[in-house]
Amino acid sequence: MACEFDAPEGVTSHVLANAQLPTLPPGQYTILAAFVLACPRRRVLKIIARATGAKCLPAARIPPAGDALHDSHAEILARRAAVRWFYEEIGRDVAGERSTWLRRGEGAGTGEGDGGRYELEEGVRLHLYVSTPPCGDASTRFLASFQDPAIALLKDGSPLPSPSPNVALLPETAPALALARGRDGYALYGVLRTKPGRADSPRTECMSCADKIALWAVCGVQGALLAAVLKPVWIASVTIGEVGDADREVVREDCERAFGGRVRGVRDLPVGYALHEPAIHFTALPFASARTSVLVAHPGCTPKSSNESLAWHADSASPPDVLINGRKRGVAPKHAHNARFWCAPSPLPSARLGQ
Ligand SMILES: [Zn+2]
């Protein structure tokens, strides 16, 4: 397959051409995110994970057993599905089906240092596509640009809550009050923000997608458990849809600050970890179920975000999981706690690995 590598239009057109998403009811929109591996040497792009979603569980509805997905925003589900793919790809390689995307690090079998940990093949890069600017610090000005002026004034002036004692502040890089609910106080830049943005929706304990992308820019997308067998994998670029030419300069500035600029002061990281700020790109290619596409198709309507999410990872025999309220759609309540019926990007991947 011949593609333009590391070019946002190439990555985006590849994602949209292979999205294979169900059509939403009229007036409903969602967000699409996908992780794509690119190998310029072999001139191949591979979508390893894809997800849609714009919901997260209110704090009051998080199950005591923790066996539901709290955060079903597209970027977060796509990252979970990507982690799942990395686990399975390593499993296939160990079983003798040699991976063309991952390789065993030098010193395999020695048990020393990075010996035996997998890493991306030389030259392979990981890209993220998102159909709209990620929620949180990356999108407050973008969203404010089409907000009702009276509401904007209210949110601009609303006080920030005091940070929880559990939230670690980054001295020198974060303002004194560094935690905000949704879009409250959106004129303040660089603060951590919880989901969701709407002030009339129930409180959650989910950090915004922009905050999680900033975390991945330092720690990698693989997470602590997978880091035992895979060296950190960082996002090389983020390509964003729905941003018109007039807004791109502002949104680029916000994304660069949100995804990396505000954590440049982080220090004393473990060996092997460092800030990797992703390049920011924009695309004019439309996603058919984006909010702006729904407005074009149904002028005058008030688009509503879909309650359902979808998560898919490559090289799986199973169809994409459809999720609602953090669980697989269609699973009877009596089976909700049975791991057999959990979605593929499970909240407890380690428990599933042994199955
Ligand atoms: Zn989000």
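Leaving aside neighbours within four places in sequence, Leu-21 is in contact with Thr-52, Ser-289 and Leu-310. The model is predicted. Leu-21 sits in the loop between α1 and β1 (28–29). Its C-alpha lies 9.6 Å from that of Ala-288, although the two residues are 267 apart in sequence. Leu-21 counts as partly exposed because 16 C-beta neighbours fall inside 10 Å.

**Overall make-up**

The chain holds nine helices and 16 strands. It has 355 residues, and buried residues make up 40% of them. Take the contacts in the chain with a separation of 6 or more: residues 24 or more positions apart account for 67% of these.

**The sheet**

Eight strands form an open sheet with mixed pairing. Their order is β12-β11-β8-β2-β3-β14-β15-β16. The edges belong to β12 and β16 (327–328). Each has a single partner strand, so one side of each is left without a neighbour in the sheet.

Two helices pack on this sheet. Helix α2 touches β2, β3, β8 and β14 (308–313), and its direction makes about 130 degrees with that of β3. Helix α7 (residues 248–259) touches β11 and β12, and its direction makes about 150 degrees with that of β12.

Strand β8 (residues 125–130) is mostly covered, with five of its six residues buried. Strands of a sheet pair through backbone hydrogen bonds, in either a parallel or an antiparallel sense. β8 shows both senses: antiparallel with strand β2 (residues 32–39) over six bridges, and parallel with strand β11 (residues 235–240) over five bridges. On the β2 side, Ala-38 has Arg-125 of β8 as its bridge partner. Ala-34 is likewise bridged to Tyr-129 in β8. On the β11 side, the bridge partner of Leu-126 is Ile-235.

**The nonpolar core**

The largest nonpolar core has 75 residues. Ala-33, Ala-34, Val-36, Ala-49, Ala-51, Ala-78 and Ala-82 touch the most other members. Helix α2 (residues 74–94) gives the most to this core, with ten residues.

What does Ala-33 touch, not counting residues up to four places away in sequence? The list is Ala-51, Ala-74, Glu-75, Ala-78, Leu-128, Tyr-129 and Val-130.

**Helices α2 and α1**

α2 has 21 residues. From its first C-alpha to its last it reaches 30 Å, close to the 30 Å expected at 1.5 Å a residue. Of those 21 residues, 15 are buried, so α2 is largely enclosed by the rest of the structure. Gly-96 follows the helix, and its phi is positive, near 105 degrees.

Helix α1 spans residues 8–17. Its buried residues include Pro-8, Val-11, Thr-12, His-14 and Val-15. These cover an arc of only 160 degrees around the axis, which puts them on the same side of α1. The buried residues of α1 pack against β2, β3 (44–52), β8, β11 and β12 (279–282). Those five strands belong to the eight-stranded open sheet.

**Positive phi outside glycine**

Asp-268 has a positive phi although it is not a glycine. The description fits Asn-325 too. Both are in loops, as tabulated here.

| Residue | Phi | Loop | C-beta atoms within 10 Å |
|---|---|---|---|
| Asp-268 | about 55 degrees | between α7 and β12 | 4 other C-beta atoms |
| Asn-325 | about 55 degrees | between β15 (321–324) and β16 | 16 C-beta neighbours |

Is Asp-268 buried or exposed? Asp-268 is exposed, because 4 other C-beta atoms lie within 10 Å and the cut-off for exposed is 12 or fewer. Asn-325 has 16 C-beta neighbours inside 10 Å, so it counts as partly exposed. The loop of Asn-325 leads from β15 to β16, and β16 is one of the strands at the sheet edges. The loop of Asp-268 lies between α7 and β12, and β12 stands at an edge as well.

Methods: Residues numbered from 1 in each chain as written. Predicted model: local features only at pLDDT ≥ 70, side-chain atom pairs only at ≥ 80, totals over all residues. Core = buried A, V, L, I, M, F, W, Y, C linked by C-beta atoms within 7 Å. Buried ≥ 20, exposed ≤ 12 C-beta atoms within 10 Å, placed from the backbone. Contact = placed C-beta atoms within 7 Å. Pairing = 2+ DSSP bridges. Expected span 1.5 Å × (residues − 1). Arc of directions from axis to C-beta. Axes fitted to C-alpha atoms, helices over the stretch in contact; angles between N-to-C directions.
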